[in-house]
Amino acid sequence: MSKIHAAITAVQGYVPDYVLSNKELETIVDTTDEWITSRTGIKERRILKGEGLGTSDMAVHAVNGLLKKRGITAEEVDLIIFCTTTPDMPFPATANILADKIGAKNAWGFDLQAACSGFIYGISTASQFIESGKHQKVLVVGGDKMSSIIDYTDRTTCIIFGDGCGAVLLEPNEEGNGIIDSVLKSDGAGRQFLHQKAGGSVKPASYETIDHREHFVYQEGKAVFKFAVTNMADVAAEIMERNQLSAEDVTWLVPHQANKRIIDATASRMGVGSEKVMINIERYGNTTNGTIPLCLWEWEDKLKKGDNIILAAFGGGFTWGSVYIKWAY
């Protein structure tokens, strides 16, 4: 009997309409288009506007499009794993809110929080449910409304992040395609360099935490950049070595879109040319859990059955990892 792999059978993305350009940011904080572009590669990012709209609302758009594309109903979904750093609320899980909004009455679900590595953690977790034979259709959603936790007076972070969401459907595959391998890592000692100070059980919301602007992303850029360049590149190279893949064997590198220089360093470490690297950071910025599925969505028509695809990400906390996929359609 052939081994069951968890294969991506559909992908869909959604980004909000509002475009926040570098030129507009010049009017908000002390920065310039040239400075942002040269250091990050970002020209614009999308922002979710509208009263009462959260991460799940972007996911509804992405998932409904995915279900229509695949030709199935929400009631056929067994499980929803929602990878997000900006849940609609601390509880219940945004996965459950999404299930209610789309009518996935037969699915159970949970949220997965691994900062920018969440989506690759999520598809690796989902693959176990498929490979066990217990689940047939698992929805993995990666999305964030980062504008909800960004301080637009802090020029070191507000230039980087945007809002967006992507989703994939995983189903069993016995042809040898799907998720072949993953390398996932974490190191909590890195939390001091990238975190949100308040809003958790250690420092619940108070007048003081609000006055001190502690409910926003805090980042020490140089330390994060140093760790990300090394670790994201190393883990992508490690998964290639584990699976005897040369640079020629790799069809596509799908890197987390945090910084163009980190992406370039990862591709260089792998020996992969820029023509094989999916990049959309210039238009969307860092959408955290949304970056990798949004890339897969935008490049879907270029993907061919059997393509060797390497996903790589690095996130706050620290978390990082890589996934090797053979594309299934």
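Begin by selecting Phe318, which is buried, with a relative accessible area of 1%. The model on display is a predicted one, and the tour starts from this ring.

**First stop: the aromatic rings**

Keep Phe318 selected and add Phe227. In contrast to the buried Phe318, Phe227 is partly exposed, at a relative accessible area of 32%. The structure holds eight aromatic pairs. For Phe227 and Phe318, the ring centres are 4.9 Å apart and the planes meet at 40°, so this pair is classed as tilted. Colour helix 7 (residues 221-242) to see where Phe227 lies; Phe318 belongs to the loop between strand 12 (308-315) and strand 13 (319-326). The pair therefore ties together parts of the chain that are 91 residues apart in sequence.

Next, extend the selection to Phe193, Phe314 and Trp320. Together with Phe227 and Phe318, these residues form a cluster linked by ring pairs.

Two further rings may be shown with a charged neighbour. Select Tyr218 and Lys197: the charged end of Lys197 sits over the ring of Tyr218, 4.3 Å from the ring centre. Then select Arg283 and Tyr284, where Arg283 lies over the face of Tyr284 at 4.8 Å from the centre of the ring.

**Second stop: strand 4 and its neighbours**

Select residues 79-83, which make up strand 4. Five of the five residues in strand 4 are buried, so the strand is largely enclosed by the rest of the structure. Turn the view to inspect the two faces of strand 4: one carries Leu79, Ile81 and Cys83, the other carries Ile80 and Phe82, and both are covered.

Which strands run parallel to strand 4? Residues 108-112 form strand 5, which is parallel to strand 4 and joined to it by five bridges. Residues 138-145 form strand 6, likewise parallel to strand 4 and joined to it by five bridges. Cys83 is a convenient residue on which to centre the view: its bridge partner in strand 5 is Leu112, and its bridge partner in strand 6 is Gly142.

Add helix 4 (residues 94-102) to the display. With strand 4 and strand 5, helix 4 makes a right-handed β-α-β unit.

**Third stop: salt bridges**

A search of the whole structure finds 17 salt bridges. Select Asp33 and Lys43, whose closest N and O atoms are 3.0 Å apart in a salt bridge. Asp33 is in helix 2 (residues 33-40), whereas Lys43 is in the loop between helix 2 and strand 3 (44-47), 10 residues away. Asp33 is buried at a relative accessible area of 17%, while Lys43 is partly exposed at 37%.

Move to helix 8 (residues 260-270), which contains both Lys260 and Asp264, four residues apart, or about one turn of the helix. These two residues form a salt bridge with their closest N and O atoms 3.0 Å apart. Asp264 is partly exposed at 37% relative accessibility, as is Lys260 at 30%.

Now select Asp301 and Lys302, whose side chains meet in a salt bridge of 3.9 Å, N to O. Asp301 is exposed, with a relative accessible area of 68%, and Lys302 is partly exposed at 41%. Elsewhere, select Arg70, Lys137 and Glu171, which are joined into one network by salt bridges that share partners.

**Last stop: an annotated span**

Finally, select residues 240-327. UniProt, in an unreviewed entry, places here the feature "domain: Beta-ketoacyl-[acyl-carrier-protein] synthase III C-terminal". The end C-alpha atoms of this span lie 16 Å apart, and the span is 30% helix and 23% strand.

Technical notes:
Residues numbered from 1 in each chain as written. Predicted model: local features only at pLDDT ≥ 70, side-chain atom pairs only at ≥ 80, totals over all residues. Heavy atoms only, no water. Phe/Tyr/Trp six-rings, centres within 6.5 Å; stacked < 30°, edge-to-face > 60°. Buried < 20%, exposed > 50% of the residue type's maximum accessible area, 1.4 Å probe, protein only. Lys NZ or Arg CZ within 6 Å of the ring centre and 35° of its normal. Pairing = 2+ DSSP bridges. Right-handed = clockwise from strand over helix to strand, strands pointing away. UniProt positions renumbered as here; feature names shortened; annotations may be inferred. Salt bridge = Lys/Arg side-chain N within 4 Å of Asp/Glu carboxyl O.
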